Amino acid sequence: MRFGMLKIKTTLDAMLRRFDWTLPPSYEAPWRFTSLPAPADGLPLVLRPSRAHTSPAAPVVSPGHR
């Protein structure tokens with residue numbers, strides 16, 4: 001059980017650091033009220049690479065160029 005929780009925390013940490021998480025524009029959540037309120041449609045997210053983790057592209061060199 002501890003290994004599983006550690007793996008989940010490690011994966012979530014990597015995702016939070018490497019991606020910017022946003023909701024689609026003009027999104028309004030349809031709520032489902034059970035014992036714990038939650039979005040009825042699963043909360044669609046837009047993930048984009050974080051600007052802090054994007055590296056500049058490597059220069060392209062043609063095969064004949066030295």
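At 42% relative accessibility, Leu23 counts as partly exposed, and this residue of the predicted model offers a convenient place from which to read the rest of the fold. Leu23 sits in the loop between E1 and E2, and, once its neighbours within four places in sequence are left aside, its contacts are with Leu43, Pro44, Leu45 and Val46. One of these partners, Pro44, is 21 residues away from Leu23 in sequence, while the two C-alpha atoms are 6.8 Å apart in space.

Two of the other partners can be placed in the same way. Leu43 belongs to the loop between E3 and E4 and is partly exposed, with a relative accessible area of 34%. Leu45 also lies in the loop between strand E3 (38–39) and strand E4 (46–49), and with a relative accessibility of 40% Leu45 too counts as partly exposed.

Leu23, Leu43 and Leu45 are among the members of a nonpolar surface patch, which also includes Leu12, Leu16, Phe19, Trp21 and Leu47 and has about 660 Å² of accessible area together. The elements that contribute two or more residues to this nonpolar patch are H1 and strand E1 (19–22). Because patch membership requires over 30% relative accessible area, the values of 42% for Leu23, 40% for Leu45 and 34% for Leu43 are consistent with their place in it.

The wider architecture can now be set around this patch. The protein has 1 helix and 4 strands, which follow one another along the sequence in the pattern α-β-β-β-β. Of the contacts in the protein with a separation of 6 or more, 49% are accounted for by residues 24 or more positions apart. Buried residues make up 5% of the 66 residues, and the protein exposes about 6400 Å², of which carbon and sulfur atoms supply 63%.

The helix also carries a charged pair. A search of the whole structure finds 1 salt bridge, and this is formed by Asp13 with Arg17, whose closest N and O atoms are 2.9 Å apart. Asp13 and Arg17 are 4 residues apart in helix H1 (residues 2–18), so about one helical turn separates them. As for their surroundings, Asp13 is partly exposed, with a relative accessible area of 36%, whereas Arg17, at 53% relative accessibility, counts as exposed.

The loops hold two backbone details that deserve a closer look. Most residues other than glycine have a negative phi. Against that background, Ser26 has a positive phi, near 55°, and lies in the loop between E1 and strand E2 (31–32), where its relative accessible area of 79% makes it exposed. Leu43, which has already appeared as a contact of Leu23 and as a member of the nonpolar patch, likewise has a positive phi, in this case near 60°.

How far the model can be read with confidence varies along the chain. The mean pLDDT of the protein is 81, and 79% of its residues reach 70 or more. Among the elements, H1 has the highest mean pLDDT, at 93, and E3 the lowest, at 89. Over residues 58–63, by contrast, the pLDDT is below 50, and this stretch has 0 contacts in the model beyond near neighbours in sequence.

Definitions and conventions. Residues are numbered from 1 along each chain as its sequence is written. This is a predicted model: local features need pLDDT of at least 70, side-chain atom pairs count only at pLDDT 80 or more; totals for chains, interfaces and linings use all residues. Side-chain values use heavy atoms; hydrogens and water are left out. Buried means under 20% relative accessible area, exposed over 50%, partly exposed in between (1.4 Å probe, protein chains only). Contact means heavy atoms within 4.5 Å. Accessible areas come from the Shrake-Rupley method with a 1.4 Å probe; for residues, only the protein chains shown count as cover. A salt bridge is a side-chain nitrogen of Lys or Arg within 4 Å of a carboxyl oxygen of Asp or Glu. Patches are made of residues with over 30% relative accessible area and no salt bridge: like charges are joined within 9 Å, nonpolar side chains (Val, Leu, Ile, Met, Phe, Trp, Tyr) within 5 Å. pLDDT is the predictor's confidence in each residue, from 0 to 100.
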